[in-house]
Amino acid sequence: MKYSIYFLSAIGACTMLTSCFKDEAPNAECDIQKAFVVMDNWDAVFNNQTDASIDVPSNTSQISFEVKDNADISKMSPQFQLTPGATISPASGTELDFSNNARHKYTVTSEDGAWTREYYVGFGSKLLPLKYSFENIDFFIDRDGTEKYHQWYDYSRGSDSKIYRDWATGNGGFKLSMGKAPYEDYPTVSVEGGVRGRCVKLTTRSTGPFGVMSNMRIAAGNLFIGEFDTKPALTNTMAATRFGLPFDKKPLRLTGYYKYAPGETYQDKAGKPVEGKTDHGDIYAVLYRNHDDNGEAFVLNGNDVKTNPYIVALAEIGEINATSEWTPFDLEFKYTGVVAPDLLRANGYSIAIVCTSSYEGATFQGAVGSTLYVDEFELICED
């Protein structure tokens, strides 16, 4: 009898398991995970073969392929890897004309048909600006249509071609823990009162009960050239910050303005006050080779943004202490490596400028309320 009970229980468990598989709801995700181009003569269009493939962060809707100057992009057929079960229109591999700065809209529909998401895809030779006034802002739109937090964009140097998201923030990570917060309570926001026009306000925020459970109690305001990928934000936080975009000049100095007010109580990762310790902000910039010796493309992240062996120059402000007035800074790039002109022309180097309201914010240490304002950045470069 005992064995019969076990046997019947096993049959019941298998039946329930089969039922679960049969009744599993269709996938509600509608994301492009990767965009890529397959072509034999890739070197006629791209500087590097790795430029023909893009891992798409989950919190972006703009996909831009970097190509050579004067490349023929009138007949390009981008392909896409989607979340399971999702479909895309136009279909993956459709040939389209991307010349004259054209950006084509693609609509991804989830497997369950309940959700859609629009992406804009373009090809072009993007030249990062040398001056940043932080006037161009819009919102990250959640899939329910809600405006969640500010984003920044600029225009390609010497043209009116938009570069989407040259500046990134960790706001997408803050959304995971404090998704109901109004946009003005996010760590990085655009505000009036800059040196000229608007400026960027970076504030170290509490991440609430969710932050306590995950041992990530604060979110420092940050702003950096690069991308923030929310996918690893909870499991591998350092990898979520992807620092740097291709740059074709040799930078000599970074100038700009800042104001800073430290928060009242500095706390460690466990949330305990650290007596006698005062928070301070940080601004720095790095220039690095963006392909390793084997030709593999990479970006710096929170683990190696100042230590990677492929870094050739670093400019640092040191400690940013309290100042209520706009304070100018002028940082010199200190070179530890040689810049190869042929690599520079082929976008073989990337630059990252990084700002944070808490200098140890990447390890979730700092003072809630620490606030850094930044404005009017300029890269002074060698001709």
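**View 1. Strand β23 with its partners β25 and β22.** In this predicted model, β23 and strand β25 (residues 334-335) run antiparallel and are joined by 2 bridges. To find that pairing, look for L314, whose bridge partner in β25 is K334. Strand β22 (residues 282-289) also pairs with β23, again in the antiparallel sense, and here the count is 5 bridges. A good spot to pick up this second pairing is A285, which has A315 as its bridge partner in β23. As for β23 itself (residues 311-316), the strand is mostly covered, with 5 of its 6 residues buried.

**View 2. T188 and what surrounds it.** T188 sits in strand β13, which covers residues 188-192. Is T188 buried or exposed? Its relative accessible area is 0%, so T188 counts as buried. Leaving aside residues up to four places away in sequence, T188 touches W152, T169, N171, V200, K201, L202, G221 and N222. With N222 there is something extra to look at: the T188 side chain reaches the backbone oxygen of that residue at 2.9 Å.

**View 3. The open sheet β3-β7-β6-β5.** Follow the strands across and you get 4 of them, in the order β3-β7-β6-β5, with mixed pairing. The edges belong to β3 (62-66) and β5 (87-89); each has a single partner strand, so one side of each is left without a neighbour in the sheet. On average, neighbouring strands here are turned by 25° against each other, direction ignored. Zoom in on strand β6 (residues 103-109) and strand β7 (residues 116-124), and you have an antiparallel pair held over 7 bridges. Two tyrosines mark one place along that pair: Y106 has Y119 as its bridge partner in β7.

**View 4. The open sheet β9-β10-β11.** This one has 3 strands, ordered β9-β10-β11, and the pairing is antiparallel. Which strands stand at the edges? They are β9 (137-141) and β11 (162-164), and because each has a single partner strand, one side of each lacks a neighbour in the sheet. Neighbouring strands of this sheet are turned by 45° against each other on average, direction ignored. Strand β10 (residues 147-155) pairs with β11 in the antiparallel sense over 3 bridges. To spot that pairing, go to Y155, whose bridge partner in β11 is K162.

Notes:
Residues numbered from 1 in each chain as written. Predicted model: local features only at pLDDT ≥ 70, side-chain atom pairs only at ≥ 80, totals over all residues. Heavy atoms only, no water. Buried < 20%, exposed > 50% of the residue type's maximum accessible area, 1.4 Å probe, protein only. Pairing = 2+ DSSP bridges. Polar contact = N/O pair within 3.5 Å; in protein donor to acceptor, adjacent residues only side chain to side chain. Contact = heavy atoms within 4.5 Å. Axes fitted to C-alpha atoms, helices over the stretch in contact; angles between N-to-C directions.
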